[in-house]
Amino acid sequence: MQKKSQWWKEAIVYQIYIQSFQDSNNDGIGDIKGIQFRLDYLKDLGINTIWICPFYKSPMHDNGYDISDYQDINELFGSMVDFDELLKEAHLRGIKVIVDLVINHTSNEHPWFIESRKENNSPKRDWYIWRKGDKNNKPNNWESIFGGSVWKYDHNTDEYYLHIFSSKQPDLNWENKDVRNALYEIINWWIDKGVDGFRIDAISHIKKVEGLPNLPNPNNFKYVPSYKMHMNVSGIDKFLLELKANINKHPNIMTVGEANGVTVKDAVTWVHDDDGYMNMIFQFEQYEIKPKDSNEWMDVVGFKKILTKWQNAFENNGWNALYIENHDKPRSISLWGVDDVKFHQKCGKAFALMYFMMKGTPFIYQGQEIGMTNVRFDNINDYKDVAALNLYKFKLQEGNTKESILREIWDNGRDNARTPMQWSTEPNAGFTKGIPWLKVNPNYKFINVEDQLQDKDSILNFYKKLIKIRKSDDLFIHGSFKLLAKNHKQVFAYSRKLGNKKAYIIVNMTKDVAIYYVKGKEILGSDIILSNYDNLIIANSNKIKLRPFEAMLLKN
Ligand code: GLC
Ligand code: CA
């Protein structure tokens, strides 16, 4: 049987959060022309695919994840002409372009919703999920992912609509065939334009439990967390297979789903080589691992266990999406490592090597390649993320101190990943000559692209080497994964094997010296092809001494 092209298995994807990447017209907001301006930088880095976060027409209540026109460009970011040009220029450089597909919900300002809410017998009424309330009661007791009820009352027709994210993001009714067909048409339209694939937002939520029943509420909550009523619920396969059949009419389109709540067991079905719903999904289990506090080590054993489980699940069938950062999560060096001057560079490289050589497609989130870190603004007004602002408001009401809430935002806030890209030592890190929509992290004077391009020991140059090595041998694409030293509390070590080729990845994930007893002679007989220290210290025949965050790649 002729196999379809699987270029996405060889892709190295760079995620662009457009409003924070590069501003081209100095209004303080990154834009499409800014991305185009930086294409040569991306090409030089070595990546071959970009994923651009939503740039569609949107009132921007959730930074573009609330779309009011799927086929138009948000004027903050440019025009369709700009997009077409970007696509052309990216393709000329051998860079594929993946766009964000937000199809669980639209903005409440989308014409479909405006039409739907007009009257009970509007032709688009059934495109969203409307229910009668029970006197003053909501149609059921489900809680929204962004807090409060999933139901919003609309006096127009005296009914409620369902929103599992914010009330400005009403859920589309996937049970309605016209809705699905309208979405497929939009997908086809973007494919015809020439995009190479999709990152599919919140896709595990499109199916709701039949009848939208109340949840048991023994604790008398006001609203009950309702994930199990709309996250990967049975019957979703029908929609996902239909979506896939539509996308598969076009050859070579890559799909990666944001599939919160899909367990590793289900994932095998989701990404099965032959009849899976999509090529890959992002798992979130790795975020169950949090550092205890900055003086301790992260839970290395737990972390290895989770990632190994996902590696093993797809050993013979299916494919992983590898990532350590995105626009919703803190920076990895700050979250799991140590982000001070002393360890920053070693740690950034150690984490890079740790995840990059696993089996799957690696994703790099903008700024990760220079080791950008979390930010600590002292004033809540400097934060822009609705999630952070809501948290601050609610926790203040509950009587928490401002300092304690800020500390929580410093550790976990989404704006940690959204501060502007640090290009140079120029004002605002070279991101804009205007006033940036979100303040720049003041450490841009020490952490920026311009300096790191010059410095052969920089994190940036380490990423370049990693990418080159990954591309140089299909061992790194197709080789099998095996965890070594499973119970070591500091070291993450694994092998990759293809035929008689073998590579070893050994990473000290902590700021302290680690002793690693090597089993068998193979490792020490291999060549070090990449390391973040100058020379390996072999204490005796089978004992390696790893310095803080020491990381190496060996190959035989
Ligand atoms: C996804 C996005 C997130 C957004 C949410 C709602 O999780 O990554 O940024 O808030 O979907 O669309
Ligand atoms: Ca701009």
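Which backbone oxygen does the side chain of Lys-359 reach? It is the backbone oxygen of Glu-315, at 3.2 Å. Keep in mind that this is a predicted model.

## Lys-359 and its surroundings

Let's stay with Lys-359 for a moment. This lysine sits in the loop between α11 and β15 (361-365). Its relative accessibility is 11%, so Lys-359 counts as buried, the cut-off being under 20%.

Who are the neighbours? Setting aside residues up to four places away in sequence, Lys-359 touches Gln-311, Phe-314, Glu-315, Trp-319, Asn-320, Leu-322, Ile-477, His-478, Gly-479 and Arg-496. Glu-315, whose backbone oxygen takes the side-chain contact, is thus also on the list of touching residues.

## Two domains and how they meet

Zooming out, the domain assignment splits the chain into domain 1, made of 7-100 + 189-200 + 253-467, and domain 2, which runs over 481-555. The contact between them draws 30 residues from domain 1 and 28 residues from domain 2. Measure from C-alpha centre to C-alpha centre and the two domains lie 28 Å apart.

About 2,500 Å² gets buried between domain 1 and domain 2, and carbon and sulfur atoms give 73% of that area. On the domain 1 side, Trp-297, Lys-304 and Lys-346 lose the most area to domain 2; together they make up 26% of what that side buries.

## What the interface is made of

How many salt bridges does the rule find across the interface of domain 1 and domain 2? The number is zero. Polar contacts are another story: 10 residue pairs are in polar contact between domain 1 and domain 2, with both partners at pLDDT 80 or more.

Three helices show up on the side of domain 1 that touches domain 2, each giving two or more residues: α9 (300-313), α11 (344-356) and α15 (459-472). By class, that side of domain 1 has 18 nonpolar residues, along with six polar and six charged ones.

## Asn-63 and Asn-252: positive phi

Now for a couple of backbone oddities. Asn-63 isn't a glycine, yet its phi is positive, at about 45 degrees. You'll find Asn-63 in the loop between β3 (56-57) and β4 (69-73). Buried or exposed? Asn-63 is buried, because its relative accessible area of 17% falls under 20%.

Asn-252 also has a positive phi without being a glycine, with a value near 70 degrees. Its spot is the loop between α7 (236-247) and β12 (254-258). Asn-252 is partly exposed, since its relative accessible area of 38% falls between the 20% and 50% cut-offs.

## Two more loop residues

Asn-176 belongs to the loop between β9 (159-162) and α5 (177-193). With 10% relative accessibility, this asparagine counts as buried, because the limit is under 20%. Leave out the neighbours within four places in sequence, and Asn-176 is in contact with Asp-126 and Trp-127. As for Arg-414, that residue is 238 residues from Asn-176 in sequence and 34 Å from it in space, C-alpha to C-alpha.

Where is Pro-442? Look in the loop between α13 (402-412) and α14 (449-454). Pro-442 has a relative accessible area of 58%, which is over 50%, so this proline is exposed. Pro-442 and Ala-429 are 13 residues apart in sequence, and their C-alpha atoms are 8.8 Å apart in space.

Key: Residues numbered from 1 in each chain as written. Chains lettered and ligands numbered in written order. Heavy atoms only, no water. Domains from an automatic or database assignment. Contact = heavy atoms within 4.5 Å. Buried area = accessible area lost by both parts, 1.4 Å probe. Salt bridge = Lys/Arg side-chain N within 4 Å of Asp/Glu carboxyl O. Polar contact = N/O pair within 3.5 Å; in protein donor to acceptor, adjacent residues only side chain to side chain. Helix = DSSP H or I, 4+ residues; strand = E, 2+ residues; numbered from the N terminus. Nonpolar A, V, L, I, M, F, W, Y, C, P; charged D, E, K, R; others polar. Buried < 20%, exposed > 50% of the residue type's maximum accessible area, 1.4 Å probe, protein only.
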